Protein chains: 2
Amino acid sequence: MSAGTERRPGRPSGPAARPGRPRSPAADEAILDATVELLGELGFLGLSIEAVAARAGVAKTTIYRRWPTKDDLLMDAVACLKQSHPEPPGESVRDDLIYMLTRMHDAWFEGRFGRVMARLAADGLERPDLYREGRERFVAPRRASMRRVIDRGIEQGRIRGDIDKEWVVSLLVAPIISAALTHQDALPKRQIEFIVDTVLAGLRPGG
Amino acid sequence: MSAGTERRPGRPSGPAARPGRPRSPAADEAILDATVELLGELGFLGLSIEAVAARAGVAKTTIYRRWPTKDDLLMDAVACLKQSHPEPPGESVRDDLIYMLTRMHDAWFEGRFGRVMARLAADGLERPDLYREGRERFVAPRRASMRRVIDRGIEQGRIRGDIDKEWVVSLLVAPIISAALTHQDALPKRQIEFIVDTVLAGLRPGG
DNA sequence: ACGTTGCGCTACGGTCGCGTATCGAAACGC
DNA sequence: GCGTTTCGATACGCGACCGTAGCGCAACGT
C-alpha cells in the first residue's frame, strides 16, 4: 500500500512510463513521513494539509495531486507504518509472555509508534475506520501470536484449557494499553512480571 | 466549584445583592449541560463556544460574561459532573469486586459519563490538566474503594499480603478501561467474573 | 420612575484551514 | 527542441470560530 515509485495514486494503473516529469519519490516519502509525525503530535483533528506541506517542504498542490482528501492521505500514512514484530524465542511460556509484554510496553511508551496508536485510539471516536486500520495492522497480529503462546501453555498443561483465550490476552495486555491511553507513567519491569505470574497462577489447571 | 446562584464568576466575591438584573441560574445550568453534552460528542478540539451557545439556547455573550475562555468553561463543566458512587455491599470479596467492576463497566459503556471520560482521556494528549481533573474526580475515589476491598481480602487471608495493591487494582480494572478506550464491545458478565476469579486465584496465599 | 445589569440578537474584523487555480521553472520521453 | 507533466510559490473565495461591540428589552434594588 506504499505510495512508492511504481504506484501513482489517482491514475488508473500501469507502470508504463508516461510523458512528462515523473513524480518525485522523495516528495512521496516526505509527505507520508510528515503526516505520520504530525498525526502523532496533533491527532486527526489537529492535523492540517497546510501543516503537512510545510513540514514536508512541499507545496499543497503536490499533496492534492496524490491524495484527493485528507482522509485518503491519513489512511495511506497509517497503512505505510511499519513495525517489526519478532516472534518470541519460544522457551518457557512465562518468559515468552514477559518478552512479548515488554516489547509491547516499549512500543507503546517509546518512539512514535505508541504516540500514533494513542492518537488513533483517541481519534477513533470520530474516525472508527482509521482506528480499525491501525488495529488490524498492529494489534491483531500481536494478539494472534500471544494466543499461540497461550495455546502452547495449554498443551504443556500449564494453563487450563476451558477458558476463552481472548479473555486471557485481554487480561495480560490491558494494563499496558490502559496505562498508555490514560497517560500514566511507564510500567516498571516488576509489574509486567507480576501481571504474567498472577495470571498464570490464576489459570493453573486444577487451581 | 459549581457556577450556581451564589457564585458569580468574574466577580471578586460577596453574595451581597448587586444592582441590576441577576444572572439567570437557568442559563448557568443550560450552558454547563450543553458543554458536557458536546464534550461527549465532539471532544475538546471539536467543541466550539458557538455550538454550546446554540445548543443551550443562549447568546454567546451570556457565556463569555461568565467564563473568560473555553478552558475555564470546560474545567467548570467537568468539575460539575456528578456520578453516584455507592460502596460495595461488603459481603464476600469476590462478590464485592464483581459488583464494583460491573458498575464501573456500565458507567463506561452506558450513558454520558463513559463518553465524557473517553473524551477526556483522548484529549488528555493535548490537555493533561483537563484529564487530570476528570481522573481525580472519578477514577481516584473508585480505585481507593477498590483498594479497601483488597485490604479486606488480605485481612481475611484470601489474598497474599506481599503485593502492590495498585497493581492488583490495575489488573482488575484495565480490561474494562482498555476495551472502552479502544472501542471494543461491552464485556459480557461472564468475562468480568473471569477477571475477578483469575486474579483472586492467582493471588491466593501460598499459591 | 430610575439606574444598573443580564439577556438575546446581530454584526464586525480577524484568523485559520480548505480545495482550486495560475504561474514560471524543471524534468522526463520522443 | 517539443509536448507533457510535476514542481514550488502565490493568490483566491469560502466557511467556521474567535472574541467584542452595540442594540433594544427584561429584571432586579432603591
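# Helix packing, chain contact and DNA surfaces

The buried residues of helix 6 (111-123) of chain B pack against helix 6 (111-123) and helix 8 (165-181) of chain A, and, within chain B, against helix 1 (25-46), helix 5 (93-109), helix 7 (128-155) and helix 8 (165-181). Helices here are DSSP runs of H or I with at least four residues, strands are E runs of at least two, and both are numbered from the N terminus. A residue is buried when 20 or more other C-beta atoms lie within 10 Å of its own, exposed when there are 12 or fewer, and partly exposed in between, with C-beta atoms placed from the backbone. Two residues are in contact when their C-beta atoms, placed from the backbone, lie within 7 Å.

The model is predicted: local features need pLDDT of at least 70, side-chain atom pairs count only at pLDDT 80 or more, and totals for chains, interfaces and linings use all residues. Residues are numbered from 1 along each chain as its sequence is written, while chains are lettered from A and ligands numbered from 1 in the order in which they are written.

**Helices and core**

Helix 6 of chain B has 13 residues and spans 19 Å from its first C-alpha to its last, close to the expected 18 Å. That expected span is 1.5 Å times one less than the number of residues. Ten of the 13 residues are buried, so helix 6 of chain B is largely enclosed by the rest of the structure. Among these buried residues are Phe113(B), Met117(B) and Leu120(B), and also Arg115(B), Arg119(B) and Asp123(B).

In helix 4 (residues 70-80) of chain A, the buried residues are Leu73(A), Leu74(A), Asp76(A), Ala77(A) and Val78(A). The buried residues of helix 4 of chain A pack against helix 1 (25-46), helix 3 and helix 7 (128-155) of chain A.

The largest nonpolar core holds 111 residues, and the members that touch the most others are Leu101, Leu172 and Ile176 in chain A and Leu101, Leu172 and Ile176 in chain B. A nonpolar core is a set of buried Ala, Val, Leu, Ile, Met, Phe, Trp, Tyr and Cys residues joined through C-beta atoms within 7 Å. Neighbours within four places in sequence aside, Ile176(B) is in contact with Leu101(B), Met104(B), His105(B), Trp108(B) and Leu187(B).

**How the two chains meet**

Chain B superposes on chain A by a rotation of 180° with 0.0 Å of shift along its axis, at an RMSD of 0.1 Å. The two copies are thus related as by a two-fold rotation axis. Gly202(B) has the C-alpha of chain B nearest the axis, 1.8 Å from it. The superposition is by least squares on the C-alpha atoms of residues with pLDDT of at least 70 in both copies.

Each side of the contact is described by its residues: 30 come from chain B and 30 from chain A. On the chain B side, helix 1, helix 6, helix 7, helix 8 and helix 9 (189-202) each supply at least two residues. Helix 8 of chain B gives the largest share of that side, eight residues. By class, the side of chain B that touches chain A has 18 nonpolar, eleven polar and one charged residues. Ala, Val, Leu, Ile, Met, Phe, Trp, Tyr, Cys and Pro count as nonpolar, Asp, Glu, Lys and Arg as charged, and the others, Gly among them, as polar. The copies meet through the same surface, because 100% of the interface residues of chain B are also interface residues in chain A.

**Surfaces near the DNA**

A residue is near a strand if its C-beta atom, placed from the backbone, lies within 6 Å of it. DNA strand C is surrounded by 26 residues, the closest being Arg21(A), Ser48(A), Gly20(B), Arg21(B) and Thr62(B). Helix 2 (49-56) and helix 3 (60-66) of chain A and helix 3 (60-66) of chain B give two or more residues to this surface. Helix 3 of chain B gives the most to the surface near DNA strand C, four residues.

DNA strand D is surrounded by 27 residues, the closest being Gly20(A), Arg21(A), Ala59(A), Arg21(B) and Ser48(B). Helix 3 of chain A gives the most to the surface near DNA strand D, four residues.

| Surface | Nonpolar | Polar | Charged |
|---|---|---|---|
| near DNA strand C | nine residues | eight residues | nine residues |
| near DNA strand D | ten residues | eight residues | nine residues |

**Backbone at His183**

Most residues other than glycine have a negative phi. His183(A) has a positive phi near 60°, and His183(B) has a positive phi of about 60°. His183(A) lies in the loop between helix 8 and helix 9 of chain A, and His183(B) lies in the loop between helix 8 and helix 9 of chain B. With 14 C-beta neighbours inside 10 Å, His183(A) counts as partly exposed.
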